[in-house]
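Student: I should like to understand how the terms used for a protein model are justified. May we go through some examples together?

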Amino acid sequence: MPDETKDPNPVLPEPKPPEPPKPGVEAAPSAAAIAKPVPAETSEPSATQAAPPVAKTEVAAKPAAPAAKAPPKPEGPRPEPWDSDLARSLKSQYGSGIREASTYVGQKYLVVDSTILYEILLRMRDDELFNYCVDITAVHYPKREAQFDIIYILYSFHHNERVRVKTQIKDGDSLRSAVGIWETANWLEREVYDMFGISFDGHPDLKRILLPDGWKGHPLRKDYPILQQDQEWVKINLGIESGQ
């Protein structure tokens, strides 16, 4: 068969002319009439278009207002001079040996030199009728030259009154035992010896009362670490390792 060739200029069929409208029937609009004109683009954005971002102006932050000062703490109670017949009599007799006679929140106390302590305690029992030694204790101040305060708490049944007698000593110094004045001082001095290592001359049986014999150190001294234990004593006597 001969090769088919395409006519470069094909003859297209002529379009049919539109039929005339029938009487009483409106002609349909043409496609060109239906198409709506597109408005030309303008430089102004429409309401639906997003406006370009506006550069923000940074406003410097205001410095924070200074914190209000805390109100001053109210002053606590302070010692006040103890003006009484007893205090005046002791100062008159012992002079500078009575270093202080004061009251603190209603508690009366004397601070006396250690050299006259025994004599003061004896007078408090015999002349002032303080016939009961309630307690003997101590406080340790390791940075002070006289490191220990020893406090005797005395009570008078006759006067229904309580007075504290305090003195100060250096580490290694001892005091005369008060067992000869009040028998209750026996165990009280032993406790001070056990916890602080302070000795009392003339005590009938000065030894530990709370901790076992052979225990090293005195727990209520400020230079005694709170978790320290005598590892050797625990292992030998209890057969265990210390849990501290």
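The dialogue below sets computed values against their definitions.

Tutor: This is a predicted model, in which local features need pLDDT of at least 70 and side-chain atom pairs count only at pLDDT 80 or more, while totals for chains, interfaces and linings use all residues. Residues are numbered from 1 along each chain as its sequence is written, and side-chain values use heavy atoms, with hydrogens and water left out.

Student: Why is the contact of Arg144 and Asp149 called a salt bridge?

Tutor: A salt bridge requires a side-chain nitrogen of Lys or Arg within 4 Å of a carboxyl oxygen of Asp or Glu. The N to O distance between Arg144 and Asp149 is 2.5 Å, so the pair meets that definition.

Student: What makes Asp149 buried?

Tutor: Buried means under 20% relative accessible area, exposed over 50%, and partly exposed in between (1.4 Å probe, protein chains only). Asp149 has 5%, and therefore counts as buried.

Student: Why is Arg144 called partly exposed?

Tutor: Its relative accessibility is 28%, which lies between the two cut-offs, so Arg144 is partly exposed.

Student: How do you know that Asp171 and Arg221 form a salt bridge?

Tutor: Their closest N and O atoms are 3.1 Å apart, so the pair satisfies the definition. This pair links distant parts of the chain, 50 residues apart.

Student: Is Arg221 buried or exposed?

Tutor: Arg221 has a relative accessible area of 13%, so it is buried. Asp171, at 41%, is partly exposed.

Note on methods: Helices (H or I, at least four residues) and strands (E, at least two) are DSSP runs, numbered from the N terminus.
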